[in-house]
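Open the model in a viewer and keep the selection panel at hand. The stops below go from a sheet to a nucleic acid strand.

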Protein chains: 2
Amino acid sequence: MKNLAPKKLYRKVYDELKDYIIDNHLKPGDKLPTEMEMTKTLGVSRNVLREAIKTFEIIGVLTSKPGVGIILNKFDSNFLSSCMFLNLIEDDVNLVEQSLEVRKVLEVGFARKVFNSITDDQINSLFEIIDDMDKIVSEKEYYEMDEKFHTILYKNVSNLVLAAIIESTWEVDKGYNIDIIDSQEIRVKKHQMIAQALKDHDYIGYLDALDYHFYYSYKKKIEQLNK
Amino acid sequence: MKNLAPKKLYRKVYDELKDYIIDNHLKPGDKLPTEMEMTKTLGVSRNVLREAIKTFEIIGVLTSKPGVGIILNKFDSNFLSSCMFLNLIEDDVNLVEQSLEVRKVLEVGFARKVFNSITDDQINSLFEIIDDMDKIVSEKEYYEMDEKFHTILYKNVSNLVLAAIIESTWEVDKGYNIDIIDSQEIRVKKHQMIAQALKDHDYIGYLDALDYHFYYSYKKKIEQLNK
DNA sequence: AAATATTTGTCCGTATGTATC
DNA sequence: TGATACATACGGACAAATATT
(Lines give C-alpha, C1' and ligand atoms only; values in the text may rest on other atoms or scores of the structure.)
Protein backbone atom coordinates (compact mmCIF):
# COMPACT_ATOMS: atom_id res chain seq x y z
CA MET A 1 0.00 0.00 0.00
CA LYS A 2 2.06 2.86 -1.21
CA ASN A 3 1.28 6.52 -1.19
CA LEU A 4 -0.26 7.36 -4.53
CA ALA A 5 -0.05 11.12 -4.04
CA PRO A 6 3.64 11.94 -3.65
CA LYS A 7 4.24 14.81 -1.34
CA LYS A 8 4.71 18.18 -2.87
CA LEU A 9 8.12 19.72 -2.50
CA TYR A 10 7.14 22.61 -0.26
CA ARG A 11 5.41 20.10 2.01
CA LYS A 12 8.60 18.05 2.25
CA VAL A 13 10.72 21.11 2.89
CA TYR A 14 8.31 22.13 5.63
CA ASP A 15 8.81 18.76 7.32
CA GLU A 16 12.56 19.00 6.95
CA LEU A 17 12.55 22.44 8.59
CA LYS A 18 10.46 21.05 11.40
CA ASP A 19 12.91 18.21 11.92
CA TYR A 20 15.78 20.66 11.81
CA ILE A 21 14.27 22.76 14.59
CA ILE A 22 13.52 19.73 16.75
CA ASP A 23 16.71 17.76 16.13
CA ASN A 24 19.01 20.73 16.72
CA HIS A 25 17.12 21.62 19.89
CA LEU A 26 16.75 25.22 18.78
CA LYS A 27 15.84 27.59 21.60
CA PRO A 28 13.83 30.78 21.29
CA GLY A 29 16.09 33.43 19.78
CA ASP A 30 18.27 30.94 17.94
CA LYS A 31 18.96 31.58 14.28
CA LEU A 32 18.33 29.27 11.39
CA PRO A 33 20.72 29.14 8.41
CA THR A 34 20.16 31.78 5.74
CA GLU A 35 17.78 31.18 2.87
CA MET A 36 20.68 30.81 0.47
CA GLU A 37 22.37 28.21 2.62
CA MET A 38 19.19 26.23 2.99
CA THR A 39 18.46 26.22 -0.72
CA LYS A 40 21.85 24.61 -1.17
CA THR A 41 21.63 22.03 1.59
CA LEU A 42 18.05 21.11 0.73
CA GLY A 43 18.59 21.33 -3.01
CA VAL A 44 15.44 23.30 -3.75
CA SER A 45 14.65 26.67 -5.25
CA ARG A 46 14.33 29.73 -3.09
CA ASN A 47 10.63 30.01 -3.87
CA VAL A 48 9.76 26.59 -2.55
CA LEU A 49 11.92 27.10 0.50
CA ARG A 50 10.19 30.37 1.27
CA GLU A 51 6.74 28.80 0.99
CA ALA A 52 7.75 26.53 3.86
CA ILE A 53 9.48 29.23 5.90
CA LYS A 54 6.59 31.65 5.53
CA THR A 55 4.25 29.04 6.88
CA PHE A 56 6.23 28.92 10.11
CA GLU A 57 6.45 32.69 10.16
CA ILE A 58 2.75 33.33 9.64
CA ILE A 59 1.84 30.70 12.21
CA GLY A 60 4.06 32.47 14.71
CA VAL A 61 6.97 30.07 15.10
CA LEU A 62 9.64 31.99 13.19
CA THR A 63 10.43 35.63 12.50
CA SER A 64 12.56 36.74 9.60
CA LYS A 65 14.18 40.12 9.23
CA PRO A 66 16.10 41.52 6.26
CA GLY A 67 19.76 41.82 7.02
CA VAL A 68 19.44 39.62 10.08
CA GLY A 69 18.06 36.23 9.30
CA ILE A 70 15.44 33.79 10.51
CA ILE A 71 14.86 33.47 14.22
CA LEU A 72 12.89 31.08 16.42
CA ASN A 73 10.27 33.03 18.32
CA LYS A 74 10.05 33.34 22.04
CA PHE A 75 7.95 30.88 23.93
CA ASP A 76 4.54 32.27 24.81
CA SER A 77 1.09 30.75 24.82
CA ASN A 78 0.51 31.76 21.24
CA PHE A 79 3.72 30.05 20.22
CA LEU A 80 2.63 27.05 22.22
CA SER A 81 -0.74 26.71 20.50
CA SER A 82 1.06 26.68 17.21
CA CYS A 83 3.50 24.09 18.44
CA MET A 84 0.78 21.92 19.86
CA PHE A 85 -1.29 21.90 16.75
CA LEU A 86 1.78 21.38 14.61
CA ASN A 87 3.29 18.67 16.80
CA LEU A 88 6.33 20.78 17.38
CA ILE A 89 6.70 20.37 21.09
CA GLU A 90 10.10 20.44 22.66
CA ASP A 91 11.32 17.77 25.03
CA ASP A 92 10.02 19.49 28.11
CA VAL A 93 9.00 17.70 31.28
CA ASN A 94 6.70 20.50 32.34
CA LEU A 95 4.78 20.48 29.11
CA VAL A 96 4.10 16.78 29.29
CA GLU A 97 2.91 17.24 32.84
CA GLN A 98 0.73 20.21 31.95
CA SER A 99 -0.69 18.53 28.90
CA LEU A 100 -1.69 15.48 30.93
CA GLU A 101 -3.23 17.69 33.57
CA VAL A 102 -5.42 19.36 30.98
CA ARG A 103 -6.41 16.07 29.43
CA LYS A 104 -7.39 14.68 32.77
CA VAL A 105 -9.55 17.68 33.65
CA LEU A 106 -11.27 17.42 30.30
CA GLU A 107 -11.88 13.69 30.46
CA VAL A 108 -13.19 13.87 34.00
CA GLY A 109 -15.24 16.95 33.17
CA PHE A 110 -16.92 15.18 30.29
CA ALA A 111 -17.24 11.85 32.10
CA ARG A 112 -20.92 12.27 32.84
CA LYS A 113 -21.70 13.00 29.22
CA VAL A 114 -19.69 10.01 28.03
CA PHE A 115 -21.35 7.80 30.61
CA ASN A 116 -24.83 8.88 29.63
CA SER A 117 -24.40 8.87 25.88
CA ILE A 118 -22.50 5.69 25.10
CA THR A 119 -24.51 2.83 23.59
CA ASP A 120 -24.32 -0.92 24.20
CA ASP A 121 -23.00 -1.46 20.71
CA GLN A 122 -20.20 0.96 21.35
CA ILE A 123 -19.33 -0.72 24.63
CA ASN A 124 -19.05 -4.00 22.76
CA SER A 125 -16.69 -2.34 20.30
CA LEU A 126 -14.58 -1.22 23.23
CA PHE A 127 -14.17 -4.82 24.37
CA GLU A 128 -13.25 -5.89 20.86
CA ILE A 129 -10.49 -3.30 20.81
CA ILE A 130 -9.25 -4.53 24.17
CA ASP A 131 -9.06 -8.06 22.77
CA ASP A 132 -6.93 -6.75 19.93
CA MET A 133 -4.74 -4.89 22.37
CA ASP A 134 -3.63 -8.22 23.78
CA LYS A 135 -2.07 -9.23 20.49
CA ILE A 136 -0.10 -6.10 19.89
CA VAL A 137 3.52 -6.13 18.86
CA SER A 138 4.48 -2.53 18.11
CA GLU A 139 3.95 0.73 19.94
CA LYS A 140 2.46 2.22 16.84
CA GLU A 141 -0.29 -0.36 16.87
CA TYR A 142 -1.02 0.35 20.49
CA TYR A 143 -1.47 4.04 19.83
CA GLU A 144 -3.86 3.30 17.01
CA MET A 145 -5.93 1.06 19.27
CA ASP A 146 -5.84 3.56 22.08
CA GLU A 147 -6.98 6.28 19.74
CA LYS A 148 -9.83 4.12 18.43
CA PHE A 149 -10.86 3.37 21.99
CA HIS A 150 -11.07 6.98 23.01
CA THR A 151 -12.69 8.04 19.78
CA ILE A 152 -15.57 5.67 20.52
CA LEU A 153 -15.85 7.00 24.07
CA TYR A 154 -16.28 10.58 22.94
CA LYS A 155 -18.19 10.00 19.75
CA ASN A 156 -21.65 10.67 21.14
CA VAL A 157 -20.50 13.66 23.11
CA SER A 158 -20.36 15.34 19.69
CA ASN A 159 -18.02 18.11 20.67
CA LEU A 160 -15.54 18.79 17.89
CA VAL A 161 -13.63 21.30 19.96
CA LEU A 162 -13.10 18.70 22.66
CA ALA A 163 -12.05 16.17 20.05
CA ALA A 164 -9.55 18.59 18.58
CA ILE A 165 -8.01 19.39 21.94
CA ILE A 166 -7.80 15.81 23.12
CA GLU A 167 -6.15 14.94 19.84
CA SER A 168 -3.62 17.72 20.29
CA THR A 169 -2.68 16.75 23.83
CA TRP A 170 -2.53 13.21 22.55
CA GLU A 171 0.18 14.18 20.14
CA VAL A 172 2.19 15.67 22.96
CA ASP A 173 1.91 12.46 24.92
CA LYS A 174 2.72 10.35 21.90
CA GLY A 175 5.97 12.21 21.41
CA TYR A 176 7.07 10.99 24.80
CA ASN A 177 5.59 7.51 24.72
CA ILE A 178 3.77 8.26 27.92
CA ASP A 179 2.22 4.85 28.23
CA ILE A 180 5.25 2.81 27.39
CA ILE A 181 6.13 2.70 31.05
CA ASP A 182 3.04 0.60 31.63
CA SER A 183 3.36 -3.07 30.94
CA GLN A 184 1.17 -4.67 28.33
CA GLU A 185 -0.99 -6.25 31.04
CA ILE A 186 -1.52 -2.97 32.89
CA ARG A 187 -2.46 -1.16 29.74
CA VAL A 188 -5.05 -3.77 28.85
CA LYS A 189 -6.33 -3.85 32.40
CA LYS A 190 -6.79 -0.08 32.47
CA HIS A 191 -8.95 -0.13 29.41
CA GLN A 192 -10.84 -3.13 30.67
CA MET A 193 -11.74 -1.26 33.85
CA ILE A 194 -13.12 1.63 31.82
CA ALA A 195 -15.17 -0.57 29.53
CA GLN A 196 -16.42 -2.76 32.36
CA ALA A 197 -17.57 0.21 34.44
CA LEU A 198 -19.53 1.49 31.45
CA LYS A 199 -21.05 -1.93 30.86
CA ASP A 200 -22.06 -2.20 34.51
CA HIS A 201 -23.55 1.31 34.44
CA ASP A 202 -21.29 2.12 37.35
CA TYR A 203 -20.50 5.81 37.17
CA ILE A 204 -18.28 5.92 40.23
CA GLY A 205 -16.42 2.95 38.88
CA TYR A 206 -15.98 4.79 35.60
CA LEU A 207 -14.51 7.79 37.36
CA ASP A 208 -12.16 5.55 39.31
CA ALA A 209 -11.10 3.83 36.13
CA LEU A 210 -10.37 7.17 34.51
CA ASP A 211 -8.39 8.27 37.51
CA TYR A 212 -6.39 5.07 37.48
CA HIS A 213 -5.84 5.36 33.76
CA PHE A 214 -4.25 8.76 34.19
CA TYR A 215 -2.71 8.99 37.56
CA TYR A 216 -0.52 5.97 37.31
CA SER A 217 1.26 6.63 34.06
CA TYR A 218 1.36 10.30 34.92
CA LYS A 219 3.18 9.83 38.21
CA LYS A 220 5.63 7.35 36.86
CA LYS A 221 6.41 9.35 33.77
CA ILE A 222 7.23 12.42 35.76
CA GLU A 223 9.52 10.46 38.05
CA GLN A 224 11.22 8.94 35.08
CA LEU A 225 11.80 12.25 33.37
CA ASN A 226 13.08 13.87 36.53
CA LYS A 227 15.90 11.38 36.85
CA MET B 1 -0.06 55.27 18.18
CA LYS B 2 0.68 53.93 14.74
CA ASN B 3 2.16 50.67 13.74
CA LEU B 4 5.90 51.15 13.38
CA ALA B 5 6.52 47.80 11.73
CA PRO B 6 4.48 47.76 8.53
CA LYS B 7 3.18 44.34 7.70
CA LYS B 8 4.97 42.33 5.12
CA LEU B 9 3.05 41.69 1.95
CA TYR B 10 2.65 37.95 2.35
CA ARG B 11 1.31 38.57 5.82
CA LYS B 12 -1.28 40.97 4.45
CA VAL B 13 -2.25 38.62 1.65
CA TYR B 14 -2.68 35.87 4.21
CA ASP B 15 -5.12 38.04 6.15
CA GLU B 16 -6.98 38.94 2.99
CA LEU B 17 -7.37 35.29 2.07
CA LYS B 18 -8.64 34.60 5.55
CA ASP B 19 -11.20 37.37 5.21
CA TYR B 20 -12.19 36.08 1.81
CA ILE B 21 -12.91 32.62 3.19
CA ILE B 22 -14.90 33.97 6.10
CA ASP B 23 -16.78 36.73 4.30
CA ASN B 24 -17.83 34.51 1.41
CA HIS B 25 -18.95 31.79 3.80
CA LEU B 26 -16.97 29.17 1.91
CA LYS B 27 -18.01 25.62 2.70
CA PRO B 28 -15.79 22.53 2.59
CA GLY B 29 -15.28 21.59 -1.03
CA ASP B 30 -15.77 25.12 -2.32
CA LYS B 31 -13.19 26.46 -4.72
CA LEU B 32 -11.19 29.64 -4.39
CA PRO B 33 -10.31 31.75 -7.42
CA THR B 34 -7.26 30.62 -9.38
CA GLU B 35 -3.80 31.89 -8.49
CA MET B 36 -3.75 34.08 -11.56
CA GLU B 37 -7.08 35.70 -10.75
CA MET B 38 -6.00 36.38 -7.20
CA THR B 39 -2.71 37.93 -8.23
CA LYS B 40 -4.77 40.38 -10.27
CA THR B 41 -7.42 41.18 -7.70
CA LEU B 42 -4.91 41.47 -4.88
CA GLY B 43 -2.31 43.20 -6.99
CA VAL B 44 0.62 41.09 -5.81
CA SER B 45 3.10 38.77 -7.42
CA ARG B 46 2.49 35.10 -7.72
CA ASN B 47 5.28 34.32 -5.26
CA VAL B 48 3.85 36.36 -2.46
CA LEU B 49 0.39 34.99 -3.07
CA ARG B 50 1.67 31.44 -2.97
CA GLU B 51 3.51 32.01 0.29
CA ALA B 52 0.14 32.82 1.83
CA ILE B 53 -1.77 30.02 0.11
CA LYS B 54 0.83 27.42 0.99
CA THR B 55 0.48 28.37 4.64
CA PHE B 56 -3.19 27.45 4.53
CA GLU B 57 -2.41 24.31 2.62
CA ILE B 58 0.33 23.06 4.93
CA ILE B 59 -1.78 23.82 7.97
CA GLY B 60 -4.57 21.73 6.51
CA VAL B 61 -7.16 24.32 5.57
CA LEU B 62 -6.79 24.29 1.80
CA THR B 63 -5.80 21.74 -0.82
CA SER B 64 -4.50 22.75 -4.23
CA LYS B 65 -4.29 20.49 -7.23
CA PRO B 66 -2.77 21.21 -10.62
CA GLY B 67 -5.42 21.37 -13.28
CA VAL B 68 -8.15 21.74 -10.69
CA GLY B 69 -7.66 24.66 -8.38
CA ILE B 70 -7.67 25.49 -4.70
CA ILE B 71 -10.29 23.88 -2.49
CA LEU B 72 -11.41 24.36 1.10
CA ASN B 73 -10.84 21.14 3.00
CA LYS B 74 -13.49 19.06 4.62
CA PHE B 75 -14.31 19.74 8.20
CA ASP B 76 -12.61 17.33 10.59
CA SER B 77 -10.97 17.76 13.96
CA ASN B 78 -7.61 18.43 12.37
CA PHE B 79 -9.15 21.13 10.25
CA LEU B 80 -10.80 22.49 13.35
CA SER B 81 -7.58 22.75 15.33
CA SER B 82 -6.12 24.81 12.56
CA CYS B 83 -9.19 26.98 12.34
CA MET B 84 -9.30 27.51 16.05
CA PHE B 85 -5.90 28.88 16.42
CA LEU B 86 -6.10 30.79 13.17
CA ASN B 87 -9.37 32.40 14.21
CA LEU B 88 -10.99 30.99 11.16
CA ILE B 89 -14.14 29.66 12.69
CA GLU B 90 -17.30 29.71 10.68
CA ASP B 91 -20.47 31.25 11.99
CA ASP B 92 -21.63 28.02 13.50
CA VAL B 93 -23.92 27.84 16.49
CA ASN B 94 -22.69 24.40 17.45
CA LEU B 95 -19.08 25.43 17.53
CA VAL B 96 -19.72 28.38 19.79
CA GLU B 97 -21.69 26.10 22.04
CA GLN B 98 -19.02 23.41 22.04
CA SER B 99 -16.24 25.88 22.60
CA LEU B 100 -18.01 27.35 25.60
CA GLU B 101 -18.68 23.89 26.96
CA VAL B 102 -14.98 23.07 26.83
CA ARG B 103 -14.01 26.35 28.43
CA LYS B 104 -16.45 25.83 31.23
CA VAL B 105 -15.18 22.33 31.98
CA LEU B 106 -11.62 23.62 32.02
CA GLU B 107 -12.33 26.62 34.23
CA VAL B 108 -14.35 24.56 36.69
CA GLY B 109 -11.80 21.75 36.58
CA PHE B 110 -9.01 24.13 37.47
CA ALA B 111 -11.08 26.13 39.95
CA ARG B 112 -9.50 24.52 43.01
CA LYS B 113 -6.02 25.31 41.78
CA VAL B 114 -6.93 28.90 41.02
CA PHE B 115 -8.59 29.27 44.39
CA ASN B 116 -5.59 27.90 46.24
CA SER B 117 -2.87 29.66 44.34
CA ILE B 118 -4.08 33.22 43.92
CA THR B 119 -2.45 35.85 46.14
CA ASP B 120 -3.95 38.86 47.91
CA ASP B 121 -2.03 41.21 45.62
CA GLN B 122 -3.53 39.52 42.61
CA ILE B 123 -7.02 39.75 44.05
CA ASN B 124 -6.48 43.47 44.49
CA SER B 125 -5.46 43.71 40.86
CA LEU B 126 -8.70 41.98 39.93
CA PHE B 127 -10.69 44.69 41.68
CA GLU B 128 -8.68 47.38 39.94
CA ILE B 129 -9.55 45.86 36.59
CA ILE B 130 -13.21 45.75 37.57
CA ASP B 131 -13.05 49.46 38.39
CA ASP B 132 -11.67 50.12 34.92
CA MET B 133 -14.41 47.98 33.40
CA ASP B 134 -16.92 50.52 34.60
CA LYS B 135 -15.44 53.23 32.42
CA ILE B 136 -15.32 51.29 29.22
CA VAL B 137 -16.56 52.68 25.94
CA SER B 138 -15.62 50.13 23.27
CA GLU B 139 -16.01 46.38 23.04
CA LYS B 140 -12.35 46.08 22.23
CA GLU B 141 -11.44 47.61 25.57
CA TYR B 142 -13.74 45.22 27.35
CA TYR B 143 -12.08 42.22 25.79
CA GLU B 144 -8.69 43.49 26.83
CA MET B 145 -9.86 43.92 30.41
CA ASP B 146 -11.54 40.56 30.40
CA GLU B 147 -8.38 38.94 29.12
CA LYS B 148 -6.27 40.67 31.77
CA PHE B 149 -8.70 39.52 34.43
CA HIS B 150 -8.51 35.89 33.43
CA THR B 151 -4.78 35.99 32.88
CA ILE B 152 -4.33 36.98 36.51
CA LEU B 153 -6.67 34.22 37.65
CA TYR B 154 -4.68 31.52 35.91
CA LYS B 155 -1.21 32.94 36.34
CA ASN B 156 -0.23 30.88 39.35
CA VAL B 157 -1.68 27.71 37.95
CA SER B 158 1.35 27.83 35.65
CA ASN B 159 -0.07 25.61 32.99
CA LEU B 160 0.89 26.89 29.56
CA VAL B 161 -1.18 24.29 27.79
CA LEU B 162 -4.25 25.44 29.69
CA ALA B 163 -3.42 29.04 28.87
CA ALA B 164 -3.06 28.24 25.20
CA ILE B 165 -6.38 26.42 25.04
CA ILE B 166 -8.30 29.03 26.96
CA GLU B 167 -6.88 31.63 24.65
CA SER B 168 -7.95 29.66 21.60
CA THR B 169 -11.50 29.13 22.80
CA TRP B 170 -11.47 32.77 23.73
CA GLU B 171 -10.90 33.71 20.14
CA VAL B 172 -13.89 31.69 19.10
CA ASP B 173 -16.05 33.51 21.61
CA LYS B 174 -14.65 36.86 20.62
CA GLY B 175 -15.63 36.30 17.02
CA TYR B 176 -19.23 36.13 18.12
CA ASN B 177 -19.17 38.79 20.76
CA ILE B 178 -20.44 36.29 23.26
CA ASP B 179 -20.60 38.71 26.11
CA ILE B 180 -22.09 41.64 24.27
CA ILE B 181 -25.51 40.33 25.14
CA ASP B 182 -24.77 41.11 28.75
CA SER B 183 -25.31 44.67 29.84
CA GLN B 184 -22.39 46.66 31.17
CA GLU B 185 -23.72 46.28 34.71
CA ILE B 186 -24.10 42.53 34.47
CA ARG B 187 -20.61 42.11 33.08
CA VAL B 188 -19.10 44.09 35.90
CA LYS B 189 -21.23 42.27 38.44
CA LYS B 190 -20.12 38.89 37.15
CA HIS B 191 -16.48 39.74 37.59
CA GLN B 192 -17.15 41.28 40.96
CA MET B 193 -18.71 38.06 42.17
CA ILE B 194 -15.65 36.13 41.13
CA ALA B 195 -13.22 38.51 42.76
CA GLN B 196 -15.29 38.84 45.91
CA ALA B 197 -15.57 35.07 46.39
CA LEU B 198 -11.81 34.79 46.10
CA LYS B 199 -11.31 37.62 48.56
CA ASP B 200 -13.69 35.97 51.03
CA HIS B 201 -11.97 32.63 50.62
CA ASP B 202 -15.34 31.22 49.70
CA TYR B 203 -14.75 28.30 47.36
CA ILE B 204 -18.39 27.41 46.84
CA GLY B 205 -19.07 31.05 46.11
CA TYR B 206 -16.28 31.01 43.56
CA LEU B 207 -17.77 27.99 41.82
CA ASP B 208 -21.16 29.66 41.79
CA ALA B 209 -19.67 32.83 40.36
CA LEU B 210 -17.97 30.83 37.63
CA ASP B 211 -21.20 29.05 36.86
CA TYR B 212 -23.05 32.32 36.67
CA HIS B 213 -20.35 33.85 34.51
CA PHE B 214 -20.76 31.10 31.95
CA TYR B 215 -24.25 29.83 32.08
CA TYR B 216 -25.99 33.10 31.60
CA SER B 217 -24.27 34.40 28.51
CA TYR B 218 -24.10 30.91 27.17
CA LYS B 219 -27.83 30.34 27.32
CA LYS B 220 -28.71 33.69 25.88
CA LYS B 221 -26.21 33.49 23.08
CA ILE B 222 -27.53 30.17 21.93
CA GLU B 223 -31.09 31.44 21.97
CA GLN B 224 -30.04 34.46 20.03
CA LEU B 225 -28.23 32.46 17.37
CA ASN B 226 -31.11 30.04 17.01
CA LYS B 227 -33.49 32.76 15.97
C1' DA C 1 29.52 58.72 9.60
C1' DA C 2 29.68 56.51 5.30
C1' DA C 3 30.37 52.92 2.31
C1' DT C 4 29.81 47.98 1.71
C1' DA C 5 28.25 43.40 2.43
C1' DT C 6 24.54 40.43 4.01
C1' DT C 7 19.97 38.90 4.14
C1' DT C 8 15.25 38.99 3.33
C1' DG C 9 11.25 41.12 0.35
C1' DT C 10 9.12 41.33 -4.08
C1' DC C 11 8.64 40.79 -8.86
C1' DC C 12 9.05 38.57 -13.49
C1' DG C 13 9.62 34.90 -16.97
C1' DT C 14 9.66 30.11 -18.33
C1' DA C 15 9.19 25.20 -18.45
C1' DT C 16 6.79 21.13 -16.63
C1' DG C 17 3.16 18.11 -14.93
C1' DT C 18 -1.61 17.19 -14.14
C1' DA C 19 -6.54 17.25 -14.51
C1' DT C 20 -10.68 18.30 -17.46
C1' DC C 21 -13.35 18.52 -21.55
C1' DT D 1 -6.44 12.64 -29.13
C1' DG D 2 -5.77 17.09 -28.58
C1' DA D 3 -6.53 21.64 -26.37
C1' DT D 4 -7.05 24.23 -22.29
C1' DA D 5 -6.75 25.53 -17.50
C1' DC D 6 -4.21 25.18 -13.50
C1' DA D 7 -0.74 24.45 -10.10
C1' DT D 8 4.39 23.06 -9.46
C1' DA D 9 9.03 24.30 -9.62
C1' DC D 10 13.14 26.72 -11.14
C1' DG D 11 16.18 30.80 -11.88
C1' DG D 12 17.30 35.55 -12.23
C1' DA D 13 16.93 40.40 -10.96
C1' DC D 14 16.49 44.32 -8.13
C1' DA D 15 14.66 46.72 -3.84
C1' DA D 16 14.67 47.36 1.09
C1' DA D 17 16.26 46.57 5.68
C1' DT D 18 19.94 45.58 8.64
C1' DA D 19 24.70 44.65 10.04
C1' DT D 20 29.61 45.32 9.53
C1' DT D 21 33.77 47.54 8.56
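Select β2(A) and β3 (residues 69-72) of chain A: the two strands pair in the antiparallel sense over four bridges. This is a predicted model. For one rung of the pairing, pick Leu62(A), whose bridge partner in β3(A) is Leu72(A).

Now add β1 of chain A to the selection. The three strands form an open sheet in the order β1-β3-β2, with antiparallel pairing. β1 (31-32) and β2 (62-65) of chain A are the edge strands; each has a single partner strand, so one side of each lacks a neighbour in the sheet.

Next, select DNA strand D and the protein residues within 4 Å of it. The selection around strand D holds 21 residues, of which Leu9(A), Tyr10(A), Asn47(A), Arg46(B) and Lys54(B) come nearest. By class, this surface has seven nonpolar, seven polar and seven charged residues. Which part of DNA strand D supplies the atoms within 4 Å of the protein, sugar or phosphate on one hand, or bases on the other? Sugar or phosphate accounts for 70% of these atoms, and bases for the rest.

Three polar contacts can be checked with the distance tool:

- Pro66(A): a backbone N or O atom is 3.1 Å from a sugar or linking oxygen of strand D.
- Arg46(B): a polar side-chain atom is 3.4 Å from a base nitrogen of strand D.
- Arg50(B): a side-chain N or O atom is 3.0 Å from a phosphate oxygen of strand D.

Finally, colour the elements that give two or more residues to the surface near strand D: α1 (9-23) and α3 (46-59) of chain A, and α3 (46-59), β2 (62-65) and β3 (69-72) of chain B.

Conventions:
Residues numbered from 1 in each chain as written. Chains lettered and ligands numbered in written order. Predicted model: local features only at pLDDT ≥ 70, side-chain atom pairs only at ≥ 80, totals over all residues. Heavy atoms only, no water. Polar contact = N/O pair within 3.5 Å; in protein donor to acceptor, adjacent residues only side chain to side chain. Nonpolar A, V, L, I, M, F, W, Y, C, P; charged D, E, K, R; others polar. Pairing = 2+ DSSP bridges.
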